[in-house]
Amino acid sequence: MSILSGKKVLLGVTAGIAAYKSASLVRALIKAGASVRVVMTEASKEFVTPLTLSTLSRNEVHSSFTLEDDDNAMWTNHVELGLWADLMIVAPATANTLSKMANGTSDNLLLATYLSAKCPVYFAPAMDLDMYKHPSSEESFEKLQSFGNVMIPATSGELASGLVGKGRMAEPEDIVHFIQEDILSKLPLKGKKILITAGPTYEAIDPVRFIGNHSSGKMGCELAYRAASLGAEVDLILGPSNIKVTHSLITVHNVVSGQEMYDAAHSVFEQCDVAIAAAAVADYKPVNAAPEKIKKNDATMSIELVKTKDILASLGNIKKEQYLLGFALETENEVENAIKKLKKKNLDGIVLNSLKDKGAGFKTKTNKITFIDKDGTVTPYELKTKTEVAVDIFDKIATKIL
Ligand code: CTP
């Protein structure tokens with residue numbers, strides 16, 4: 001998954017020869033996980049067909065203020081298009097369109113949509129070298145950037161005129177890369193490293209049996225996705241779980257036992273800024289795992305257990321600047337017990353789940369948490385999806401570490 005995954009991208013195509021590259025740009029955006037809608041100027045249809053772009057974007061392409069069908073004329077809502085977008089890219093952006101954008105001219109659908117858009121706008125100029133260097137083009141570039149629009153500079157090379165110089169639109173993959181880097185650089189947790197433990201652990205009894213628990217790992221995985229969507233680099237140390245996590249900013253360390261989770265957590269803890277222990281680590285493990293499958297010879301059997309290492313407490317012991325967050329699952333005197341845990345493990349915060357709350361805990365899509373700070377502030381939340389809970393938790397963490 002890339003940072004563009006799930007983003008709604010509005011691509012504006014204007015009438016330059018580079019419009020033929022719009023098809024590749026749409027494909028690259030779709031490949032990066034974005035939903036794409038295209039708005040074209042009438043003249044750009046001479047360079048690339050709406051059919052090509054609608055097929056690749058899997059969406060209708062808009063170019064006119066009205067949609068004509070046999071009997072009715074329908075208005076194309078440029079405001080809706082502009083508000084739909086999480087980001088708008090004008091590529092190729094001709095000197096003519098850039099000048100109109102810079103001056104508030106609104107004589108086609110693309111320009112009206114640009115003026116209605118509230119999202120970040122990127123523009124990738126494409127023109128001949130003398131046009132690119134003309135003071136009026138430079139003025140458009142500067143004016144648009146002063147509005148907060150982001151310019152994706154043209155590159156140098158052979159131009160359609162046969163002249164060689166600056167003016168070629170950036171290549172589609174480079175445009176996508178540029179935008180991804182730009183989005184990332186502006187995210188609040190950019191440059192932060194976050195360690196998250198998640199899922200159950202399995203403690204071997206023999207080669208085929210284990211002690212485990214019902215944790216799905218969902219809460220920890222949602223936390224990992226949230227951290228990554230805020231720009232952090234995440235080490236997700238994941239016990240046996242059916243969830244497949246894929247994101248360019250998340251490194252998944254698959255582990256099975258508590259000892260493996262302990263080792264993996266310690267190997268990345270020193271470099272991290274935030275560590276969150278969301279795993280349901282087995283509290284006990286067999287003193288000795290049998291090397292061969294245990295036969296059912298006797299009517300009863302007992303297994304001697306020993307405590308597993310407490311990963312969170314061990315991180316609390318060695319922590320320096322790291323912000324350390326734990327989870328507590330309680331059934332009685334919840335807040336009091338969670339605060340005790342927070343102090344004992346030297347934490348900065350603890351997320352309390354009460355098993356008394358319906359919809360909280362293992363194997364559910366929802367969770368009901370209370371966030372407790374080390375200064376004693378207790379913040380209860382409503383029952384929410386685990387995705388929403390992850391947002392709440394990172395909103396809290398952000399106020400502590402930024
Ligand atoms: N934890 C851990 N390593 C362990 C056990 C727990 O990292 N071996 C972490 C969990 O990931 C969680 C917190 O410690 O963040 C839970 O603390 P724990 O003392 O296990 O409390 P509970 O599981 O809530 O239960 P109990 O009250 O039985 O101790």
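How much space lies in the second largest pocket? That one is picked up in point 5, after the ligand site.

1. A quick caveat first: this is a predicted model, so read the distances below as computed from predicted coordinates.

2. Start with the largest pocket, since that is where the ligand sits. The space in this pocket comes to about 1200 Å³, and 40 residues line it. If you want to centre a view or a box, the residues nearest the middle are Ala279, Val281, Asp283, Phe327 and Lys345. Four elements each put two or more residues into the lining: α9 (218–229), α11 (311–318), β19 (323–330) and α12 (334–344). Of these, α11 has the largest share, with five residues. Chemically the lining is a mix: 15 nonpolar residues, 14 polar and eleven charged.

3. Now the ligand's own surroundings. There are 15 residues around the ligand, and the ones that come nearest are Ala277, Ala279, Lys309, Phe327 and Lys341. Ala279 and Phe327 are also among the residues nearest the pocket centre. By class, the shell breaks down into eight nonpolar, two polar and five charged residues.

4. For polar contacts, have a look at three spots. On the backbone side, an N or O atom of Lys309 is 2.9 Å from a ligand nitrogen, and a backbone N or O atom of Leu312 is 2.9 Å from a ligand oxygen. Lys345 works through its side chain instead: an N or O atom there lies 2.9 Å from an oxygen of the ligand. As for cover, the ligand taken alone exposes 580 Å², and the protein buries 75% of that. In terms of elements, α11 and β19 each give two or more residues to the shell. The biggest contribution to the shell is from β19, with four residues, whereas the pocket lining as a whole draws its largest share from α11.

5. Back to the opening question: the second largest pocket holds about 340 Å³ of space. Its lining runs to 20 residues, with Ile17, Ala18, Ala126, Met127 and Ala160 nearest the centre. Two elements, α4 (95–103) and β10 (164–168), supply two or more lining residues each. The class split for this lining is eleven nonpolar, five polar and four charged.

Notes
Residues are numbered from 1 along each chain as its sequence is written. This is a predicted model: local features need pLDDT of at least 70, side-chain atom pairs count only at pLDDT 80 or more; totals for chains, interfaces and linings use all residues. Side-chain values use heavy atoms; hydrogens and water are left out. On a 1 Å grid over the protein atoms alone, a cavity is a set of points where a 1.4 Å probe fits but cannot get out, and a pocket is an open set with protein on both sides within 12 Å along at least five of seven lines; lining residues have an atom within 4 Å of a point. Grid points are joined across faces, edges and corners, and a volume is the space filled by probe spheres set on the points. Ala, Val, Leu, Ile, Met, Phe, Trp, Tyr, Cys and Pro count as nonpolar, Asp, Glu, Lys and Arg as charged, and the others, Gly among them, as polar. A residue is near a molecule or strand if one of its heavy atoms lies within 4 Å of it. A polar contact is a pair of N or O atoms within 3.5 Å; within protein, one must be able to donate a hydrogen and the other to accept it, and residues adjacent in sequence count only if both atoms are side-chain atoms. Accessible areas come from the Shrake-Rupley method with a 1.4 Å probe; for residues, only the protein chains shown count as cover. A molecule sits in a cavity or pocket if more than half of its atoms lie within 2 Å of its grid points.
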